Amino acid sequence: MNNEFKLRREQLLADLPLNSMVVLFAGKGVKRSADSDYPFTVNYNFAYLTNIDEPEAVVMMVKLNHRTSITLFVRDIDLNLQKWNGKYVSIEEAKAFSMIDSVVYFSTFETAFVSQLTRTGVNHLFLDLERLNLTDRPLAGELFAKKVRETHPALIIDNIYPMIAAMRTVKSDNEIKKIENCVSVTKLAFERMLKSTKNQKFEFELQADFEYELKRNGAAPAFDMIVAGGARSTVLHYLKNSEKLSENELVLCDMGAIKDLYNSDISRTFPKSGKFSDRQKLLYNIVLEAMDAVYAKIKPGVMLKELNDVVIKVYDKRLKEIGLIKDRSEISNYYYHGVSHFLGMDVHDVGHIENMVLVSGNVITVEPGLYIEAESIGIRIEDDVLVTEDGFRNLSECIVKSIDEIEVLMNNG
Ligand SMILES: [Mn+2]
C-alpha cells in the first residue's frame, strides 16, 4: 500500500517542469496557551505524498534534466523533549512509512535546499500556497516563500496546490476503504446514540454517546458535531449542543469520524420521542425524495451545481403542493446551502464545487435540507457517495435513514 505514495510522487514529478523543485512542510502544532498546543494536524498535501504524519517534517522533490531526487527531512532527535512529548519518528521508521530512500534530519534542510539552487540550476520552486481566506494564518509554505523571495529574488515561485488537489479529487481503492471505515464507525456511534435518545434530556448527552463510541473505535470527531433540537436545527452551524430536547421535536445531527486521515460526513434527523408526527413525516419524505432524485442524476460528466438544481426542482413541486411556497424564488427561505461537496482527507475536501465535472473516483456528499423556522423544524439528511463509471455507490447506505428504520431502532434497539 505504501507503493501508492510512491506512485503519487512519481506522477507529480512527471507533471513538473524541468529544473524545478517542490518543497512541502508537514507544519507544526499551534500554540494554545502557556505550554500547551492545539492538536497537530498534518498538512494534507504533505501527508498525501509521504504517508508521514509527523510535525516539522519536510519533503523536497527535485526534477533535473537527467534525474529526479526525493529527500525527506524529519525532526532531529531531542532526547530531553522526547521525555516530555514522546518519541519522534526515527530515520528508519520514516523510510519504511514513506518508501523514500533518502531520509535525513531537518537540521540539514537549509544547506540541502540552497545547494539545489547553486549547484543544479533549479530555477522554479513549487510550494503549497493554498489560502482559503484572506485572514487565515500564513501556512509554512507562505512563510518560506517570503523568506526565499528575499534571498533568491530570481527564483520563480509557484503554487503546487492545484496539481496535488487535482490528484486528490480522484480517490484510490485504499482511500475509499479508509472513508468506508469512517462510515462504519459513524454507523456504530450513530446507532448507539439513536437507541438511547428516548432516555436522554440534553443535546450534549447525545453528543457524548456518539463521541464515546467513536473513541472506543479508535476514531475521533471529524468536526464539531451538531446536535440541534427543534428551532436550533434551522441554524446550519449550531454547535453549542447545550439545550434540553422537547418530546415533540425533531433532532438534527451532523456528524462524522476521522480515522487514518480520512473522514465521513453524515447527517440524520429523527424524532426525540421515537415517533415522527404526520407533519414531520410529510416533510422528511420530501427531503428523501429530493435525495433520491439527486441519486438518479449522479454519474461522471455531471456538475455539482446540476445536482443542486435537482433538489430545487423537487422542492418547487412539493413545497407548492403542501402550500409552503407559491413561487420557486421562495425555496431559498427554506433551503439555503448546496447539496454537495467533495469529501476525503478534508471534510470539505479539495475540488471546486462551482466548476468541476464529476469523474469516476470522486467522493461527494449528498445532503438536501429543509428548514422551516416558523415550525421549529429543520431536516438534513446526508450520505457519502462514490462516483463510479456507471453512476454511483452510496458508501453510507448502511446507516438507517427511512422513517420506518429509524422508528424501529429507536423503539426496539
Ligand atoms: Mn457535509
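Colleague: How many residues has the largest nonpolar core?

Modeller: The model is a predicted one. Within the largest nonpolar core, Val-23, Leu-72, Val-251, Val-287, Val-294 and Ile-379 have the most contacts. The residue count of this core is 107.

Colleague: Which helix gives the most to this core, and with how many residues?

Modeller: Several residues of α8 are buried, including Ile-179, Val-183, Phe-190 and Leu-194. The helix that gives the most to the core covers residues 173-196 and supplies 8 residues. That helix is α8.

Colleague: Why does this core lie between the domains?

Modeller: The domain assignment gives two domains, 3-168 and 173-412. Both give residues to the core, so the core lies between domain 1 and domain 2.

Colleague: What span should α8 have, and how far apart are its end C-alpha atoms?

Modeller: The helix has 24 residues, and the rise is taken as 1.5 Å a residue. The expected span is therefore 34 Å, and it agrees with the end C-alpha separation, which is 35 Å.

Colleague: Which element gives the most to the side of domain 1 that touches domain 2?

Modeller: The C-alpha centres of the two domains lie 36 Å apart, and 7 residues of domain 1 are in contact with 6 residues of domain 2. On the domain 1 side, α2 (44-50) and α7 (161-168) each supply at least two residues. The most, 3 residues, comes from α2.

Colleague: How many charged residues has that side of domain 1?

Modeller: By class, the side of domain 1 that touches domain 2 has 4 nonpolar residues and no polar ones. Its charged residues number 3.

Methods
Residues are numbered from 1 along each chain as its sequence is written. This is a predicted model: local features need pLDDT of at least 70, side-chain atom pairs count only at pLDDT 80 or more; totals for chains, interfaces and linings use all residues. A nonpolar core is a set of buried Ala, Val, Leu, Ile, Met, Phe, Trp, Tyr and Cys residues joined through C-beta atoms within 7 Å. A residue is buried if 20 or more other C-beta atoms lie within 10 Å of its own, exposed if 12 or fewer, and partly exposed in between; C-beta atoms are placed from the backbone. Helices (H or I, at least four residues) and strands (E, at least two) are DSSP runs, numbered from the N terminus. Domain bounds come from an automatic or database domain assignment. The expected span of a helix is 1.5 Å times one less than its number of residues. Two residues are in contact if their C-beta atoms, placed from the backbone, lie within 7 Å. Ala, Val, Leu, Ile, Met, Phe, Trp, Tyr, Cys and Pro count as nonpolar, Asp, Glu, Lys and Arg as charged, and the others, Gly among them, as polar.
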